[in-house]
Structures are given as structure tokens and as C-alpha cells.
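Open the model in your viewer with a cartoon representation and keep the sequence panel at hand. The stops below say what to select and what is found there.

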Amino acid sequence: MKLYENGAYLLNGRDVVIDSPEAAAAIAAKTGKNVTPEDAKKETIAYGILKSHNTSGNMEKLQIKFDKLTSHDITFVGIIQTARASGLEKFPIPYVLTNCHNSLCAVGGTINEDDHMFGLTCAKKYGGIYVPPHQAVIHQFAREMLAAGGKMILGSDSHTRYGALGTMAVGEGGPELVKQLLSKTYDIDMPGVVGIYLTGKPQKGVGPQDIALAIIGEVFDNGFVKNKVMEFVGPGVSNLSVDYRIGVDVMTTETTCLSSIWRTDDQVKEFYEIHGRSEDFAELNPGGIAYYDRFIEIDLSEIKPMIAMPFHPSNTYTIEELNANLMDILDDCEKRAQVSFDGKVNLDLKSKVRNGKLYVDQGIIAGCAGGGFENICDAADILKGTSIGADEFTLSVYPASTPIYMELVKNGAVANLLETGAIVKTAFCGPCFGAGDTPANNAFSIRHSTRNFPNREGSKVQNGQVASVALMDARSIAATAANKGFLTAATDMDVNYSKPKYFFDKTIYENRVFDSKGVADPSVEIQFGPNIKDWPAMSPLPENLVLKVVSEIHDPVTTTDELIPSGETSSFRSNPLGLAEFALSRKDPEYVGRAKEIQKAQKALEAGNCPVEAVPELKTAMDAIKAKFGDLCRDSFGFGSTIFAVKPGDGSAREQAASCQKVLGGWANIANEYATKRYRSNLINWGMLPFIIDEGELPFKNLDYLFIPKIREAVAEGKTEFEAYVVKDGALQPFTLKMGELTPDEKDIILKGCLINYYRG
């Protein structure tokens, strides 16, 4: 794999000219044309799709309107509640509400099914599509029924990726979907486009997760594709089946790119034909001379079976490399765990080594990444005639949709799996976020799913429980299962892959999916459960801001799962205050109490009472502020909390990572950088200031008070640097906070306190 920082030209989709002072002359010699990078950038597939969806008339400042929207049952209640509070009357474009995260209805009493009924009645009232639990995971339904060539889909799940089908899809926080539901736009600067040039053909036994992990391992730490569009081109694309491409594509989210798009061919055309939607195919290729801001060359034949060790998809090794350096790598993982868990529990992976071999406790093939037809068929071929054994090792397989499940039943793959001791379950995202197949304490799980963040498998460090996940391809998971848990690469197995043809039967969808065909029925009464609560009132940004630092996180990256845990806590996702009680609970259990304590000052102010009487420790800070700035009007102040994290927001698009802080009185985050655009957008849409501070020793520490004068004026004027002070020894010590440029709408949202206030006027 080769990475080119300076970009490259692609001629006729095949010939690569790396950008250099000699590039223009070389291109002119080959094509007889003189081109500039600016002109050639317009020849990428991504540029053409973005242009056709941009409403601003300015391709540097995009205002995108999407063709379709999709959400699941952790996000759609909050989105619709926000849109309703902002004036929603009808879904203006197709909006699909899938139920694949809280499908089990086994936690929280009636909470989960109440939310499903909320979704069904909203689909009827506002003219949407409702997919019941167990029918399909969000992204497989989108692949089968929504994607179309040259179109754009916005989803409230970070893995919204349908580029392999010619659809540019973006995963964002819920407020961005609210904007689309209110016929507003998705506003971003024109993203860079990174060419991913594929050649060669994968080795037998190497699967899509192997390709994806190899890419993630190369580009995550250096931010090579961060907030950019990955465009897959080159002759190697046609050496991959569409199912294979989908498996690579969905994992592009873990690179922190904005979106992805692939060139399409006859195999993609056949995919649409199989699914009865041949009219949705569009042939997509870059133009004759296309320019990419950055470029990656990948020889697929060189990729070996991969593993992403705990606790990130970028912590990658070849399985061969892991087995050759086993104890050193396991020791490194244990040391990382000590940092991540602040020494509260000990991860013991070295105990998994027996006679020099690594044994795992659990295998999972599931969800939008692992649950594809070809992944499961190949796994069944590897396991045919074997046994996973009668010891601790278990294997669970979750087909990504009921149509896939039905075809696996018909072609015998399910029977082959079941007779080995594996369990085949319904479409469900649970294993990916800690709500299904939670391992035993200190167990080590290998999964063809999307993420392996700390606690994401469901363990609870605060209760002394820890487990860990490594990501692998379904084929190597099956090979490991065939060896009863001994970590094995699929390339070490001599298997005759049957490669059965896929036949799609949409009968189950016709029988079970509610599709309004875009017709709203205002007479329908929305069905609310007792856990579905409205958003609390939120104040506009004050003139001056007093913040207490209530959590300080120095991990290199902080995931959204650490900001608001997934798993059983998600049963409260429709209850803003109820869910907020879990904020940072697995990272900093004292956060909620500290945030609520300083929030008392803001509540007292809003009630016309004295903030200092509500929070007596404020007196020292207020005395210092008055000593320097005079006796400012009490009503010009706002009081609340902030957190510091080095690089927060990697992972899920769940807006609750920001909204939970907001309802607890959070006014800001302070970071060295933000891991993803979507987390920064979530902060802004909930009226929180996404501050940046330069790397180095912090001028403040946890529990310090900060004062930011004239913050409202500064935001309104579009400033990107802000005067700030920390209270030290009864005096104010100055420092500087920064913030990236805000769009006019983003400024207004922050000034008004949140997106709901913005739309209410």
C-alpha cells in the first residue's frame, strides 16, 4: 500500500500520474491536453454527485439536499421529537425508520417496543417507511431497497456507507437529519477527494474485512482521509464482487472519512437487477483526466488476513505477524488497557496463550459489516463438517437481513452452521454496541463487526468487569472456530468455496414493512410511551460565560461510546434527562454529579435567584471576575460545565454524546482537535461551543473555573480566537481558546442555544 500526500491524476480510470512539477508535461504528452488540478478535480465521481445535490451555486461552500434519510431505533425518536418541536408537518423526502438496535425488547420493560410503536405511528402520520425489528439492520435495508446510482443518503448512524452501489452516503448526528426534515440543507466546505486505486485480486481466504483493516491501519493515525471522500477506482474494483465491495466500504467510517464512492460496473448493474431495481443503476466512472487531492495505491493480492487488536480498528496486524510476536503484542494491548481504564481493572490477554498459541473465547459474525451473504456462505463452507467444540468457545452468526437469512436457509448454509454448534440469529446490531453476546469477564472475542472500542462489547469497568474484542474477517473467524478457538487465518485452511448465487426475495418486506409511499396521514395519533420525553428548555448563549471543568480526559482518542455508553443505557435514548445520567459513566463516573452541581447556578439565575447562593463555591470565581471586569450585570452571565478531551468524538454518530452534556448544563467542549466532523456538528447543533486549545500543558485542570467574557459578541462577530481566563489563587490568569470557522447558520444555532431554539425563532 502506497500513500501519496501530494495527490495524483488518473487518466481514463487506469493510468496514474503522481503529482509533481513534471506531471502536467507528462499528462500533455499522453493525452495532448493541458489541464490544471482545479479543472481535473471536477472529473472525480464525487465532484459530480456533490454538484448535482448542491443548492448554493458555490462549489466551495456546499449546501446539500439529500435524496433519502435513514435512522434506527436509538436515534429516530430524538430526531422526530426535535423536528416536531421545530415545526415538522410532513417528511419531505423518503425517511426510513429501522429497528435494529433495540430489537430484543428485553431491557427496560416496555421501553423499547414503545419506541418502535412511536416510529410506526410517525411513519404513518408524516409519510415515512417503518421496518420492524429483526427484518434488517439499517444499512442492509438501505442497500437492498434505498441505494441508487448517483444519489445521496443521509443517515443518523456513522456507518451510513453505500458507495459500492454508487450512492454517496453520509453518517451524521440526528440534528443534521432534522435540518433535512425541515427542508434545510447540509452545509459543508467542499471536501477533499482521496483516490483509492485498486489493482490485483485478493488471495483465497482473504475477505473484505481484511482489506478494510489494512486501509484503516495505514490512514487512521495520520488523518490521511479525515473528513474527505474516499473514491475507489482502478481495475482491481472489478475483481471484487459487489458483496465484497460493500464489506470494505462500510468500514471506511473507521478511517474518519466523510463519505465514500466507488466506480460502478456490470456487477453493480446485476446487483440492482437481482433486487428488482434495475432502473436505479447508474454507471459511474471518473472523467478522462481526474485529479485527487491525495492518493492511495493498493495491490489487493498483497493483503493478508488481518486482525485489529483491542481497543481500536486501527490497532492492526496481520494474523501472521500477531502469531509471530504474540507475547509482545498482547503485552502492548494490556498496557493500552491500563491507560484507557485508568488502572481500575486489569486486562489479561496473555493468559489466553496455551502452548504458544492464542485461544479466543467467542466468535461473532454480524451486522452491516459481517452479516452479508457471501461472508456467511464462505464461513459455512469453512466450517462444514467440523465442530466448534463443547468448551467455552461460542460462535454466533447474524445475517444482515431476513431476505439474506431466507436464502441461507434455502441453500443449506444455515444447516451447515447449526450442526457445528454455531447459533444463527436474526438481523440485529447488538453485538456491535454491547447489547448482544456480551462476553464473560476477561473473555476475548473476535468479531466481524465494525468496532472494538473499550466496553463496546458490553463489559463494565466501573463494576470490575472487562472484556475485549478484536476485529477479523468472517473467514478467519470461521477458521478459528473450526480449530475450536485457536486463532487461525483463513488462508491456512484448504477450502473449496461453493460461491452460491444469491436470489433476493422481497416478499417478507412486502408483508411486514410499512411504506406510506410518501403519503402523510395527519389524522394518525402518535403513540407515546412513558419514557418518551420532550427536550428540556435550553437557554440562549449568554453575554459572558462561567464554566467549571468537570472532566479531564487525556486518552489519545475519546470515543462517543465513552461520552455516552451504548448497550443497555440506550433504552433511555428517548428520555433526554434519563439518558444523561449515564454520560461518561464508564470513563468518569463523577462527571454527572459535578455537571449537575454547577448547573444549579444556571437554574437559579433563570429562576431569578442568586447563582452564588445556589453554588457557594462560585463566590471565589465571581470575586475574581468582578475584581478585573467590574461589577457586571448578573443577568449577563451564564453558568455551566465543560470537559476537556484530547481528541473526542471518534466512532458513533449518536447525537446523545453531545445532547447529554447539554441537558446537564454543558456549554462547551475543549479539545486539541475533534476526531470527526459529525461530533463537532453535534456539539454545535446542541448549542455547545467546540473550542480548540493548542497542544501542550493545559492552563487549567479539572474542577477549575473558567471565565470567557463577551463570548456572545465574539461568536456573533465570527471570531476564531477567544480571550479566556482560569481562576487561580483568587485571580484571573489569561489564556486563549480557538474555534474553527462557523457557518452563518451555525453561529445562529449557538447564539440561540440549540437547533430547536433556532427553528422556533
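Start with Thr 70 and Val 96: Thr 70 stands opposite Val 96, which lies in β6. The model is predicted, so to speak of its side-chain atom pairs requires pLDDT 80 or more. Now show β5 and β6 together; they run parallel and are joined by three bridges.

Keep Thr 70 selected and add Gly 155, the bridge partner of Thr 70 in β8. Strand β5 covers residues 68–71 and strand β8 residues 152–155, and the two pair in the parallel sense over three bridges.

Next, colour the side chains of β6. Which residues of β6 point one way, and which the other way? Tyr 95 and Leu 97 point one way, Val 96 and Thr 98 point the other way, and all are buried. In a regular strand, side chains alternate between the two faces of the sheet.

Widen the selection to the whole sheet. Six strands make up this open sheet, in the order β9-β8-β5-β6-β7-β25, with mixed pairing. At its edges are β9 (168–171) and β25 (514–515), each of which pairs on one side only. Then add helix α5, residues 111–126, which packs on the sheet. Helix α5 touches β6 (95–98), β7 (129–131) and β25. The direction of α5 makes about 155 degrees with that of β7.

Two helix pairs come next. Two packed helices are described by the angle between their axes and the distance between the axes.

Select helix α4 (residues 76–85) and helix α7 (residues 174–181). Their axes are 9 Å apart, and the helices pack at an angle of about 45 degrees. α4 and α7 are therefore oblique to each other, and their crossing is right-handed. To see the contact, show Ile 79, Thr 82 and Ala 83 on α4, with Gly 174, Leu 177, Val 178 and Leu 181 on α7. By class, this contact of α4 with α7 has five nonpolar residues, two polar ones and no charged ones.

Move to helix α9 (residues 242–249) and helix α10 (residues 266–274), whose axes come within 9 Å and cross at roughly 95 degrees. That angle makes α9 roughly perpendicular to α10. From α9, the contact is made by Val 242, Arg 245 and Ile 246; from α10, by Gln 267, Val 268 and Phe 271. The classes in the contact of α9 with α10 are four nonpolar, one polar and one charged.

Now go to another sheet. Three strands form an open sheet in the order β3-β2-β14, and the pairing is antiparallel. The edge strands here are β3 (15–18) and β14 (289–292), each pairing on one side only. From one strand to the next, the twist averages 25 degrees. Strand β2, residues 8–11, pairs with β3 in the antiparallel sense over four bridges. Pick out Leu 11, which stands opposite Asp 15 in β3. Add helix α1 (residues 23–31), which packs on the sheet and touches β2, β3 and β14. The direction of α1 makes about 155 degrees with that of β3.

For the last stop, select Thr 558 in strand β27, residues 558–559. Is Thr 558 buried or exposed? Its relative accessibility is 1%, so Thr 558 counts as buried. Leaving out residues up to four places away in sequence, Thr 558 touches Ile 553, Leu 563, Ala 645, Lys 647, Pro 648, Gly 649 and Asp 650.

Conventions
Residues numbered from 1 in each chain as written. Predicted model: local features only at pLDDT ≥ 70, side-chain atom pairs only at ≥ 80, totals over all residues. Heavy atoms only, no water. Axes fitted to C-alpha atoms, helices over the stretch in contact; angles between N-to-C directions. Parallel < 35°, antiparallel > 145°, perpendicular 65-115°, else oblique. Contact = heavy atoms within 4.5 Å. Nonpolar A, V, L, I, M, F, W, Y, C, P; charged D, E, K, R; others polar. Pairing = 2+ DSSP bridges. Left-handed = near helix turned anticlockwise from the far one by under 90°. Buried < 20%, exposed > 50% of the residue type's maximum accessible area, 1.4 Å probe, protein only.
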